Amino acid sequence: MKKLFYPILFSCAIVVSACKKSSPNNGPNNTDATKLQLTQDSIYMIAQEDYYWNNSLPSYNDFNPRKYTRQSTDLLNYSDEIDHYTQLSANPADHNLPYEYDPFNPGSSKYSFIDDGTINGELNAVKGDFGFNYFYTYANVIRVSLVYPGSPAASAGLQRSDQIIGINGQTGNSIYITNLKDPANDAGYKFVSNAVNNGSTITLQIRKANGTEKTVTINAKSYTVNPVVYTNTYALKGGKTAGYMVFNSFVTLDKNPDVQARLDSVFNAFASKNVTDLIVDLRYNGGGDVDMSIYLTNLIAPSSATGSVMNTTYWTANMQNDKYPIIQKKLGPFPTGYFKPTNAAQIEKFAKKGPLNINRVFFLVTGNTASASELTINNLRPKMNVQLVGDTTFGKPVGFLSDLKVNGYYFYTPEFETKNSNNEGGYYTGMPPVGSLSGGGTFQGKRILENIQNDFGDTNETLLAQAIGYIENGAYPASTTLKVQSLSTNAITMSDYQRRVLAVKAQPLLKSSMFLTLKGKK
């Protein structure tokens with residue numbers, strides 16, 4: 001049964017009011033409190049109610065949310081508070097590190113965050129930036145990895161595989177990573193990240209694949225995102241036909257009917273060309289709307305899956321036990337036991353869509369494949385042959401309620417996790433292309449890094465070539481061990497940390513997304 005939910009819309013005043021009766025007198029009831037303090041109180045009181053690991057949270061007085069005042073803006077203070085309470089849990093399957101431990105930014109939450117509306121806009125297919133992603137490759141070369149159609153970067157002629165050799169007049173070590181021991185804090189990396197993520201104008205020196213160079217100036221602006229970046233089909237030996245789609249964002253299903261129509265059109269075309277094997281490129285897809293993930297899952301799934309369980313949603317313990325007075329007061333009444341995993345509202349079942357009927361799918365993945373992308377993969381694993389090609393995914397089996405607001409900011413903190421029909425989930429450290437995880441089952445595929453020297457759809461592109469090779473020959477093509485060049489010109493084998501940090505996109509996947517919107521209670 002399809003999950004039915006209503007949107008949560010909290011204002012700061014409403015949340016604080018709902019918290020006061022059960023809050024300490026020296027906390028939210030303090031009438032002399034500032035707006036900052038009241039908002040900090042609300043953030044913590046909501047977390048005590050609905051945070052997925054709220055059993056790790058201390059009392060209000062012990063935590064004291066109002067002490068986080070060292071940052072330059074209220075938004076940064078809220079983020080500081082969230083970062084601290086999300087580090088209090090312990091995951092026994094990951095050396096008792098916090099469930100929200102971020103290995104690339106220790107002390108910062110891996111999932112929870114406060115949003116000023118930017119991510120919410122992207123979920124609704126609206127972005128306001130330059131419109132391109134970049135990677136530091138294993139050879140410490142900066143390349144354009146993705147260009148959104150219709151974006152300022154696309155208008156300026158940028159293409160995937162373009163090499164960036166200068167940014168805002170800076171070249172050489174000013175933009176390259178020279179500190180391989182701590183690449184995330186390297187001066188060159190920080191300069192590039194700030195120029196791409198925080199600027200309104202950027203000037204790039206570009207070297208094209210044919211060796212020619214040019215300089216382009218790009219102004220950031222809003223544009224509508226089409227997450228279907230590229231599609232193609234390939235007639236292969238043995239009578240096989242591969243269908244290939246680059247899908248880059250799970251935008252909100254009910255607000256983007258054009259995306260749904262585009263997906264329908266793509267899969268109809270695949271079926272008309274008798275596609276036998278599907279390749280879905282999620283390498284930079286950081287997630288989004290659960291309903292869009294379910295829709296894509298049903299397009300891919302074989303007809304035989306219809307009517308069987310796709311996944312089950314498990315809510316925070318308080319919500320399962322009907323102890324959520326803030327949410328109940330704002331949205332209620334919810335029936336007793338509504339959030340229990342045995343309730344039909346929390347059990348999603350397959351309902352095949354479209355004419356394509358296949359038994360094998362290849363997902364192209366990287367460390368930026370997250371959340372709703374991983375949900376799609378996990379949904380399908382018990383029902384068909386699922387192969388992963390690329391690097392270990394981000395690792396986010398939990399998700400958020402959408403549109404939860406505190407003082408005008410969107411407040412995202414995990415309230416639920418999902419498990420597939422085999423009860424597999426818990427992939428907090430990511431899905432490995434080959435191997436197994438406790439709680440996550442066994443994964444099949446090929447671990448290999450992309451080189452970003454070819455555009456999407458080029459059969460010489462590293463990840464696509466691997467999938468096509470397997471379809472044609474029943475085995476993945478051989479590949480060599482990748483190396484990175486150190487400053488002393490001595491080739492060294494990269495650690496997992498270095499390899500994943502050097503693979504940084506223009507909009508770093510610091511906070512991946514998987515959202516549920518409450519649409520109905522009965």
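This note walks through a predicted model, point by point.

1. **The seven-stranded sheet.** Start with the open sheet. Seven strands make it up, in the order β10-β11-β12-β16-β17-β23-β22. The pairing is mixed. Look for the two edges: they are β10 (228-235) and β22 (435-437). Each edge strand pairs on one side only. From one strand to the next, the twist averages 25°.

2. **A parallel pair inside the sheet.** Pick out β16 (residues 360-365) and β17 (residues 385-390). They pair in the parallel sense, over six bridges. For a landmark, find Val-361: it stands opposite Val-386 in β17.

3. **A helix on the sheet.** Helix α9 (residues 290-300) packs on the sheet. It touches β11 (241-247), β12 (277-281) and β16. How does the direction of α9 compare with that of β11? The two make an angle of about 175°.

4. **The main nonpolar core.** The largest nonpolar core has 41 residues. Those with the most contacts inside this core are Met-245, Phe-247, Leu-263, Phe-267, Leu-278, Ile-300 and Phe-363. Which elements give two or more residues to it? They are β11, α8, β12, α9, β16, α12 (372-380) and β17. Helix α9 gives the most, with seven residues. So the helix that packs on the sheet is also the top contributor to this core.

5. **One residue of that core up close.** Phe-267 is worth selecting on screen. Leave out residues up to four places away in sequence, and Phe-267 touches Met-245, Leu-278, Leu-296, Leu-299, Ile-300, Pro-355 and Leu-356. Met-245, Leu-278 and Ile-300 also appear among the residues with the most contacts inside the core.

6. **Another core.** Apart from the largest core lies another, of 31 residues. Leu-36, Tyr-111, Ile-326 and Ala-370 are among them.

7. **A hairpin.** Strands β7 (residues 201-207) and β8 (residues 213-219) pair in the antiparallel sense over seven bridges. Ile-202 stands opposite Ile-218 in β8. Five residues lie between the strands of this hairpin. In the hairpin, Gly-211 takes a positive phi near 95°.

8. **A salt bridge at the hairpin.** The side chains of Arg-207 and Glu-213 meet in a salt bridge, at 2.8 Å from N to O. Are these residues buried or partly exposed? Arg-207 counts as partly exposed, at 30% relative accessibility. Glu-213 is partly exposed too, with a relative accessible area of 49%.

9. **Positive phi outside glycine.** Most residues other than glycine have a negative phi. Two residues here deserve a check against that rule. Asn-274 has a positive phi of about 55°. It lies in the loop between α8 (257-272) and β12. Asn-274 is exposed, at 58% relative accessible area. Asp-322 has a phi near 60°, again positive. Its loop runs between α10 (317-320) and α11 (325-331). Asp-322 counts as partly exposed, at 33% relative accessibility.

10. **Salt bridges across the chain.** The count comes to 12 salt bridges. In one of them, the side chains of Glu-461 and Arg-160 meet at 3.7 Å, N to O. The pair links distant parts of the chain, 301 residues apart. Glu-461 sits in the loop between β23 (441-447) and α13 (462-473). Arg-160 sits in the loop between α6 (152-155) and β5 (163-167). Both residues are buried.

11. **A network.** Arg-160 and Glu-461 do not stand alone. Along with Asp-281, Arg-283 and Glu-450, they are linked in a network of salt bridges.

12. **Another buried pair.** Arg-381 forms a salt bridge with Glu-424; their closest N and O atoms are 3.5 Å apart. Arg-381 lies in the loop between α12 and β17, and Glu-424 in the loop between β21 (416-420) and β22, so the pair ties together parts that are 43 residues apart in sequence. Arg-381 counts as buried because its relative accessibility is 13%. Glu-424 is buried as well, with a relative accessible area of 15%.

Methods:
Residues numbered from 1 in each chain as written. Predicted model: local features only at pLDDT ≥ 70, side-chain atom pairs only at ≥ 80, totals over all residues. Heavy atoms only, no water. Pairing = 2+ DSSP bridges. Helix = DSSP H or I, 4+ residues; strand = E, 2+ residues; numbered from the N terminus. Axes fitted to C-alpha atoms, helices over the stretch in contact; angles between N-to-C directions. Contact = heavy atoms within 4.5 Å. Buried < 20%, exposed > 50% of the residue type's maximum accessible area, 1.4 Å probe, protein only. Core = buried A, V, L, I, M, F, W, Y, C linked by side-chain atoms within 4.5 Å. Salt bridge = Lys/Arg side-chain N within 4 Å of Asp/Glu carboxyl O.
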